[in-house]
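Work through these exercises with the model open. Each task is followed by its solution, step by step.

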Amino acid sequence: MARSPNKSGGGNEENSDARFLSMEERRVDMTESNSEFESVEMGNMEVHRVVLPPRRSTFDKFKRQSKEIFFPDDPLRQFRGQPSRRKFILGAQYFFPIFEWGPSYSFRLLKSDIIAGLTIASLAIPQGISYAKLANLPPIIGLYSSFAPPLIYALLGSSRDLAVGPVSIASLILGAMLSEQVSPTHQQALFLQLAFTSTFFAGLFQASLGVLRLGFLIDFLSKATLIGFMAGSAVIVSLQQLKGLLGIVHFTKKMGIIPVMSSVVHNTNEWSWQTILMGVCFLVLLLLARHISLRNPKLFWVSAGAPLASVIISTVIVYAIKGQKPDISIIGHLERGINPPSWQSLHFKGKYLMLTLKTGLVTGIVSLTEGIAVGRTFASMKNYKVDGNKEMMAIGLMNMVGSGSSCYITTGAFSRSAVNHNAGAKTAASNIVMSIAVMITLLFLMPLFVYTPNVVLGAIIVSAVIGLIDIPGAYLIWNIDKIDFIVCLCAFFGVIFISVQDGLALAVVISIFKVLLQITRPKVVMLGNISGTEIFRNLHHYKEATKIPGFLIVAIEAPVNFANTTFLTERISRWIEEEQEDDGGKPVGLHYVILDMSGVSAIDTNGIALLTDLKKTASNQGLELVLVNPVGEVLEKLQRANQADKFMGVDTLYLTVGEAVFILSSKMKSNAGPNHV
């Protein structure tokens, strides 16, 4: 804190007891007729004024607060001062980002996007088939979901690197939640209809968040929650693939680790050595390709092409030995043709309505969080911005349209986007190229997948979800915040031992409890002076900080509201009692209680009541309560409360702790008796 200039040109005092004499003396009168907190000149010292915020009407305050909540990025600022034609163009570009990069699109960009699009198509085709089976849906639905949604996103999305399609976590959640009430094998048609309906509700929820600019709601999924949830889901997804990797026919429908492992152990008679051998070989091949690409990012095409290569090689092998009737399960016949309409299949009434609503809400949140996180990650790497609200609208509309064209929940996949990024994608047109490649596959190449073994699809899923286990990230959380690590563990164990959705809900509840704990138990510390300076810091943090005799200096570092006033009252009252007695239990000369309110960004009526009660308590004990640097809204509410109750008099409001200590020390020394306040 800089010393205030002295009009008379006086210098600084040398000894520590007198160091505050160089600071400017000023008093605050809260009863001035102009309703401002004025400072009063003393001698020839320069006077500071504590000024109220500019006066605003209630409507203006509400408007300002609403803008800060819903429009922190001020999306309309680009339209100010623009002619009508320019505003129309900017509006079209805002809702359809393709109009922003489309006019300047060049052949050079097209070449890069074609290469990237074909590369991610080689990954999207086997992943689409695999993830559809993970969601207990026909494999063809996975390819449908890799055709229509990318086209929608290319028109509406703001990310250049996001590659759209089905993802493992959302597929697992959708399949698991719907399977609780509907059998995907015995009620396949109904299960498919509910999957489309859940996708519609997921898209509706996602788009609504974007339109209403409520994206901050998904921030309740903290990084610790996501790391634990992703790792637990990766374990569950991998365990579910034991059915295909071991060739088991009668496998449990439950998702927990205990029923899955029990099913594996109790069905050893169904294990197929041919399936196990093929699964292990291709899993090793896929993991090796992934390892090579991680060690050398320039060889990204190795891991990108490995899934498609595995599908082709395994299909050829099974076709070659089909006459020997190998005990290997295959996909079977897949119909050719692009997405048939499915609007008539959506269920908006009946006993399954709540199931589809709940499934859509959970899958919508998870897939939206993943998509936005992936988009922002690659945007930061290329130094451009991704608009979160536009992404919500794009992903939401993509899923709403997809639900009417035989698609299930899709979003931006991390593995696919990483391949897209490394392949040199320049714009969202790479999604269009991928979509065209999938369309060609749907129209002409479907018979080639008849002999594709299910075990290879399981190996592709396992190799993909292993990357979701972020051990270094979990270790970093452990080092930084132990409570966050507990949240991470709860998400992880909740997913693998209870269920995917319950594990996620448990982690969110614990995260919210942590936030509530921080609100109800705000940080409040005692301050001391660092010798030789005018700086006041936490006594328990800085060893060189010492107490000022006769003063209890307390800093509140959080908003003061109804949830924490009881805690603050008890804490400050206890400190007052402790400071009034020395180690022998004898009374000491405590005269002033100073509340540093620099960190109090907001206060409510309970907070004002807290200050009035503290003022009365201090007066009853012969003490004086003073406030330091209440800001903005807090200062305005204090002034209004004081007009009604007159609980704050002169010499009770200061700009800095140093000024308060200087003025009150001088006052204390000039008093006749040591206990006079």
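**Exercise 1.** Decide whether H421 is buried, partly exposed or exposed.

Solution. Take the cut-offs: buried is under 20% relative accessible area, exposed is over 50%, and partly exposed lies in between (1.4 Å probe, protein chains only). H421 has 17% relative accessibility, so H421 counts as buried.

A note on the source: this is a predicted model, where local features need pLDDT of at least 70, side-chain atom pairs count only at pLDDT 80 or more, and totals for chains, interfaces and linings use all residues. Residues are numbered from 1 along each chain as its sequence is written, and side-chain values use heavy atoms, with hydrogens and water left out.

**Exercise 2.** List what H421 touches, leaving out residues up to four places away in sequence.

Solution. Contact means heavy atoms within 4.5 Å. The list for H421 is D161, F378, M381 and K382. Now look at D161: its side chain makes a polar contact with the side chain of H421, at 3.4 Å. (A polar contact is a pair of N or O atoms within 3.5 Å; within protein, one must be able to donate a hydrogen and the other to accept it, and residues adjacent in sequence count only if both atoms are side-chain atoms.)

**Exercise 3.** Explain why C488 forms no bond with the closest cysteine sulfur.

Solution. A disulfide needs a pair of cysteine sulfur atoms within 2.5 Å. The closest cysteine sulfur to that of C488 is in C490, 9.3 Å away, which is too far for a bond. C488 is buried, at 5% relative accessible area. Finally, search the whole structure: 0 disulfides are found.
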